[in-house]
Amino acid sequence: IQIRTAADSPWIDAKSIVKVMAAKAPRGTLLEIAVNGGDAREALQNLVELIQNNFGEKPAEALKLSSESGLIASKGLAIGKVVVFEKAAFGVRPKGTLESETQLFRRSIKAAQSALSALIDNAEKDIAKVLEFQLSLIQDRSLIDPTIAAIAAGTSAQDAWTQTLNKEVFRFEKANDAYFRGRASDLVDLKQQVLSHIHGKTDALPPLLQDAIVFADDLSPSDF
């Protein structure tokens, strides 16, 4: 299945979530869809039904919004045990052979996928949706193939993965749409997850007491 946003725009592989997102098609964009293969008609029908059903999501006007009002008892006061959480910093590691760097990257991708799957199984619904999105990203060949190619050209595993993700992060940060700019944080978190496995530093947020106060520069869904 391929899609494009205009007659003069390139076709995009619909199986690549990275490429589909990179199209940055705003609401109301007319999409062209091309399918081929033995099950093309069935695939097209399923895709049309998915679009007609709003991808399984409720329209904005159907969402029930609520608000509460009250008096502020105290401004900025919190009492509890402070937990300082710092994400691992990655230095330069010695580069191995082409084969060892490739194997290290593939192992790290699989480890990150397994870790995300485990988090999804135990996460609340809203958090699970974010993690499922990250899992689909980390399985995307649009991220994996350029990294493998860079390693084959002599780049270390961590540098190759960092370069690939930074390129996509930059692309989304420059988007006009706030939704697409927000997806840049998912890619940054994904980069951090794989790098943690490459460097063998998979630090996680420690178990918290009920009244704990977490100090951190940033907390991503994968940190919980």
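Start at the N terminus and walk along the protein chain: the elements come in the order β-β-α-β-α-β-α-α-α-α-α-α-β. That adds up to eight helices and five strands. Keep in mind as you look around that this is a predicted model.

Now step back to the overall dimensions. The C-alpha trace spans about 60 × 60 × 30 Å along its principal axes. Of the chain's 224 residues, 31% count as buried. As for how the chain meets itself, take the contacts between residues at least 6 apart in sequence: 68% of these join residues at least 24 apart.

Next, head inside. In soluble globular proteins, nonpolar side chains tend to be buried together. Here, the largest nonpolar core has 33 residues, and the ones with the most contacts inside it are Phe105, Ile109, Ile138, Trp161, Leu190 and Val194. Several helices feed this core with at least two residues each: H1 (17–22), H3 (98–122), H4 (125–138), H5 (141–152), H6 (157–173) and H8 (184–198).

Ile109 is a handy place to zoom in. Leaving aside residues up to four places away in sequence, Ile109 touches Ile138, Ile144, Trp161 and Val194. Of those partners, Ile138, Trp161 and Val194 are also on the list of residues with the most contacts inside the core.

Finally, come back out to the surface. The protein chain exposes about 15,200 Å², with carbon and sulfur atoms supplying 53% of that area. And the charges? There are 26 positive and 29 negative ones, and the mean positions of the two sets lie 3 Å apart.

Key: Residues are numbered from 1 along each chain as its sequence is written. This is a predicted model: local features need pLDDT of at least 70, side-chain atom pairs count only at pLDDT 80 or more; totals for chains, interfaces and linings use all residues. Side-chain values use heavy atoms; hydrogens and water are left out. A nonpolar core is a set of buried Ala, Val, Leu, Ile, Met, Phe, Trp, Tyr and Cys residues joined through side-chain atoms within 4.5 Å. Buried means under 20% relative accessible area, exposed over 50%, partly exposed in between (1.4 Å probe, protein chains only). Helices (H or I, at least four residues) and strands (E, at least two) are DSSP runs, numbered from the N terminus. Contact means heavy atoms within 4.5 Å. Accessible areas come from the Shrake-Rupley method with a 1.4 Å probe; for residues, only the protein chains shown count as cover. Lys and Arg count as positive and Asp and Glu as negative; His and the chain ends are not counted. The place of a charge is taken as NZ of Lys, CZ of Arg, CG of Asp or CD of Glu.
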